[in-house]
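Trainee: I should be grateful for a close look at a single part of this structure, explained in a connected way. Please begin wherever you think best.

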Amino acid sequence: MTSSLPPQPSQDDNLWLEDIDGERQLDWARAQNAITVQAYAQSPAFEALQQGILEVLDSDDRIPMVRKIGPRFFYNFWRDKDHPKGLWRRTTLDEYRKPRPEWESVLDLDALAAADGENWVWHGADCLEPEYRRCLISLSRGGADADVVREFDLETKQFVPGGFSLPEAKNHVGWKDIDNLYVATDFGPGSMTSSSYPRIVKQWRRGTPLESAVTVYEGLHEDMSVSAYRDNTPGFERDFVSRQIDFYESETWLRKADGTFAKIDVPDDSLAEITREWMLIEPRTDWTVAGATYRSGSLLAVKFDDYMAGRRELTVLFEPDDTTALDSHSWTRNHLIVNVMHDVVNRLEVLTPPAGGTGPWKRESLGGAPELSTIAASGIDEDENDDYFLTVSGFLQPTTLYIGTIGTAEKSEPQVLKDSPAFFDASRHRVSQHFATSKDGTRVPYFEIAPKDLKADASNPTLQYAYGGFEIPLQPSYSGSIGRAWLDQGGVYVVANIRGGGEYGPRWHQAALQENRLRTCEDFAAVSEDLIARGVTSPAHLGAMGGSNGGLLMGNMLTLYPQLYGAIVSEVALLDMRRYTHLSAGASWIAEYGDPDQPEEWEFIRAFSPYENAKPGRAYPPALFTTSTRDDRVGPVHARKMHAKMTALGHDSSFYENLEGGHSAATDNKESAFMDALGYAYLWQHLRS
């Protein structure tokens, strides 16, 4: 935490709710929960809604997505009604091709949780290449970002007695070799940043106490975090140290064998990825180097060793325009798969580096998504072969998983591996894409999923969803839960691709940063107004929902555009923007929102602080605020205080705080089904009239 506090209002009667785990505060939360459950979660309709969602989440027919670890096995983490906390399991590719593969259990999280007396939530495994026998398994208590780390043996399928083990913290940990780890953790007072992440990274040798680990690098208290890692790719073993200055700026150094550092001299706001001999660079702003200027959002390639030696001849692999943006990229052994979005719909290209490393890259299409759908591809084992997984999904199209091999004629067409089942009747619906005009004239796309026989009589219950932050795009995807809980009930579902997201690359995100944050609200309102103008719905039947940064958006739509909505659901949200940098991990988002401790920045932040802007005597639509006690990223304080203030002002506000669940607000499928059903039930009760 920083020592200074932001300027306080003349009176904030809800500061006491900032004690997250205080008994009085938890009793208050339980009391509010009971009121909300009584009003919205005790009807036969709610039970049917919740059960329908849970059937989707627990379905044995879902595609078990896998990750290859080692030469033979494909691993999957699976939750269902028999394994609510989850089962880490593995199988071979030949077995995985079968409709019902035989799985070998590796770690039963339910059994482990019972034995340890802990509500463990899976945070993943980092396995040491090239042997892939030892892994570092991260486990969270109740879903928090903080986790414990334990060493695990994939051959014995047991935790290693006396092996590496880290206590609960926001750990950044990775293998250097079998006997050494890079560890960034809470080493005691002064070792964490103002954002609540590690400030110091050390090298820890097996068999020695953590206290004796040798410091590798120290960042600043004002930084976001630091970390170190080793790339153990055979023939390209390298060590790196990274300083995350803020959410969008970082510095990375190559750590040499003698412990000295060589900085990778790219712009601090760019992304750089090193794979074998190549470095790929994504500049977030226009970058001029060696007499050439590269556009923000481009993808550039250069030989890593050449770059470190001072050469700056870069190859442009992708350059954006007004309607296209880079979505992702992934290596196979000899090729690079590049995924590009055109008006939020994907197409794939395969790029092949020139023989000898000089000359143009070869390009060929790997296909595009079906209309208004999403396609994605990634290499399966970039060190070994050119195999790839490909998925295709759409709002009405269940996900299909393919496998293919690049550059092999007889395998040029990817083969279907798995099909996800249909969880609702898509034949009754249609998908369309529309464009609204925002306040400043910007063209804002949105997707609409509606009944084919939709009548433009302004009476259709409509749910509008958005995120609008951190350069994250919202693309077409299949959701059996939304299908059952909203579309099957006769509703219209809308996804708004507002600024702040990544639908058109960095420029789309940067257009809504800090002093321009209100553009996210203006864009969302423009979509709402377009839906109303087209007769799809009306304010009485239009609901809005969003989570995290999208929950902040919902708070602003509530306080700034109340006339447009019949009900609003704000999930795990930031809401008190005056104090957000002093709550949980809030300081890590100053680059996104600004610093309220700086008077000149508070002047623009206060315009998008829902807690500040909620006033008495105004007509607000009903609002539901949901959160989780164990959310150590945003934290439950925002929702608690917002609900308390809205209630005290006499407005129609509801609240539910899951006592576990972390930033996802749920630790298992049953909790997820309840939280989802609560939001949908709330909207249905207010919008269907």
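**Two helices in contact, and their surroundings**

Mentor: In this predicted model, let us start where Gln25, Leu26, Trp28 and Gln32 of helix α1 meet Arg640, His643 and Ala644 of helix α13. Sorted by class, the contact of α1 with α13 comprises 3 nonpolar, 3 polar and 1 charged residues. Two packed helices are described by the angle between their axes and the distance between the axes. Here α1 spans residues 23–40 and α13 spans residues 637–648; their axes come within 12 Å and cross at roughly 65°. The crossing of α1 and α13 is left-handed.

From this contact we may turn to the nonpolar cores. In soluble globular proteins, nonpolar side chains tend to be buried together. The largest nonpolar core of this model has 74 residues, and those with the most contacts inside it are Trp486, Tyr593 and Tyr680. Helix α14 (residues 669–687) supplies the largest share of this core, 11 residues. A second, separate core has 44 residues, among them Ile498, Trp508, Tyr611 and Tyr620. To return to Tyr593, its contacts beyond four places in sequence include Phe470, Leu552, Leu574, Met577 and Phe608. Polar and charged residues also touch Tyr593, including Gln514, Arg517 and Asn549.

The loop just before this region deserves attention as well. Ser584 lies in the loop between β37 (567–571) and α10 (590–593). Ser584 has a positive phi of about 50° although it is not a glycine. With a relative accessibility of 18%, Ser584 counts as buried, because the cut-off for buried is under 20%.

Leu372 offers a parallel case: its phi is positive, about 55°, and it is not a glycine. Leu372 is found in the loop between β27 and β28 (373–379), and it is buried, with a relative accessible area of 13%.

Strand β27 leads us to a sheet. Strands of a sheet pair through backbone hydrogen bonds, either parallel or antiparallel. In this open sheet, 4 strands follow the order β24-β25-β26-β27, with antiparallel pairing. Its edge strands, β24 (324–331) and β27 (362–368), each pair on one side only. From one strand to the next, the twist averages 25°. Strand β24 pairs with β25 (residues 336–342) over 7 bridges, and Trp331 stands opposite Leu336 in β25.

One further loop completes the account. Pro130 lies between β5 (120–127) and β6 (134–141), and the peptide bond from Glu129 to Pro130 is cis, with omega near 5°.

Key. Residues are numbered from 1 along each chain as its sequence is written. This is a predicted model: local features need pLDDT of at least 70, side-chain atom pairs count only at pLDDT 80 or more; totals for chains, interfaces and linings use all residues. Side-chain values use heavy atoms; hydrogens and water are left out. Two strands pair if DSSP finds at least two bridges between them. Helices (H or I, at least four residues) and strands (E, at least two) are DSSP runs, numbered from the N terminus. Axes are lines fitted to C-alpha atoms, for helices over the stretch in contact, and angles run from 0 to 180 degrees between N-to-C directions. A nonpolar core is a set of buried Ala, Val, Leu, Ile, Met, Phe, Trp, Tyr and Cys residues joined through side-chain atoms within 4.5 Å. Buried means under 20% relative accessible area, exposed over 50%, partly exposed in between (1.4 Å probe, protein chains only). Contact means heavy atoms within 4.5 Å. A crossing is left-handed if the near helix is turned anticlockwise from the far one by less than a right angle, and right-handed if clockwise.
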